Amino acid sequence: MHDPSCEESDNFATAVSAASREVVGWAPNAVMVEVVCDLVRIGVQVEVLAGEPAADESADLLRDGRLEVPGGLLSVPQSADEAFQRGVDLPDGPGTYGVRVLGYGRARARRLRDEGVGPAIVGALAGIEHYRICLWRVLSEPRWEDDED
């Protein structure tokens with residue numbers, strides 16, 4: 001996901017490259033998640049919260065980071081929902097947001113993927129892997145941790 005009002009190329013390349021190594025990749029205004037199986041639709045729930053979310057022991061992936069959102073918009077380019085592809089307004093507007101990526105069903109999806117052979121694997125993987133992405137505004141001005149003063 002990213003702020004669609006920002007230049008995509010460098011940030012996307014950085015986030016995608018990091019996600020291929022670290023599962024979740026961060027760039028100033030983009031975050032990417034390397035899913036276990038891209039053969040099926042993956043459920044993604046995006047929540048904007050008033051503050052940092054509580055721990056969730058049921059997640060098998062938890063990564064925290066920050067995201068600059070200078071345009072106040074959030075886009076999930078691979079979403080099945082066209083509104084999320086174009087970008088939706090964040091209720092708190094522009095700023096720097098804390099982001100928590102929680103993944104569920106990754107271990108089971110990986111096991112099924114590794115054991116599966118043939119077209120039946122697609123049906124077996126449907127609905128297993130899903131994500132919850134929580135955002136909360138931490139600064140009213142976008143600021144990436146590597147910014148110079």
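Ala, Val, Leu, Ile, Met, Phe, Trp, Tyr, Cys and Pro count here as nonpolar, Asp, Glu, Lys and Arg as charged, and the others, Gly among them, as polar. Keep that in mind for the cavity below. What you have above is a predicted model, in which local features need pLDDT of at least 70 and side-chain atom pairs count only at pLDDT 80 or more, while totals for chains, interfaces and linings use all residues. Residues are numbered from 1 along each chain as its sequence is written, and side-chain values use heavy atoms, with hydrogens and water left out.

Let's start with the overall layout. The chain has four helices and eight strands, where helices (H or I, at least four residues) and strands (E, at least two) are DSSP runs numbered from the N terminus. Their order from the N terminus is α-β-β-β-β-β-α-β-β-α-α-β. The C-alpha atoms fill a box of roughly 55 × 30 × 30 Å along the principal axes. The radius of gyration is 16 Å, which agrees with the value near 15 Å for a compact globule of 149 residues; it is taken over C-alpha atoms, and the globule rule is 2.2 Å times the number of residues to the power 0.38.

Now step inside. Buried residues make up 39% of the 149 in the chain; buried means under 20% relative accessible area, exposed over 50%, and partly exposed in between (1.4 Å probe, protein chains only). A nonpolar core is a set of buried Ala, Val, Leu, Ile, Met, Phe, Trp, Tyr and Cys residues joined through side-chain atoms within 4.5 Å. The largest has 16 residues, and Met1, Leu67, Val99, Val101 and Leu135 have the most contacts inside it. Two or more residues each come from β1 (24–27), β4 (61–69), β7 (95–104) and β8 (130–139). A second, separate core of seven residues includes Cys37, Ala109, Leu125 and Ile128.

Those four residues also appear, along with Val40, Arg41, Ile42, Ala126, Gly127 and Glu129, in the lining of the largest cavity. This cavity has a volume of about 40 Å³, the space filled by probe spheres set on grid points joined across faces, edges and corners. On a 1 Å grid over the protein atoms alone, a cavity is a set of points where a 1.4 Å probe fits but cannot get out, and lining residues have an atom within 4 Å of a point. By class, the lining has seven nonpolar, one polar and two charged residues.

Finally, look at Val23, in the loop between α1 (9–22) and β1. Val23 is not a glycine, yet has a positive phi of about 80°.

Technical notes
On a 1 Å grid over the protein atoms alone, a cavity is a set of points where a 1.4 Å probe fits but cannot get out, and a pocket is an open set with protein on both sides within 12 Å along at least five of seven lines; lining residues have an atom within 4 Å of a point.
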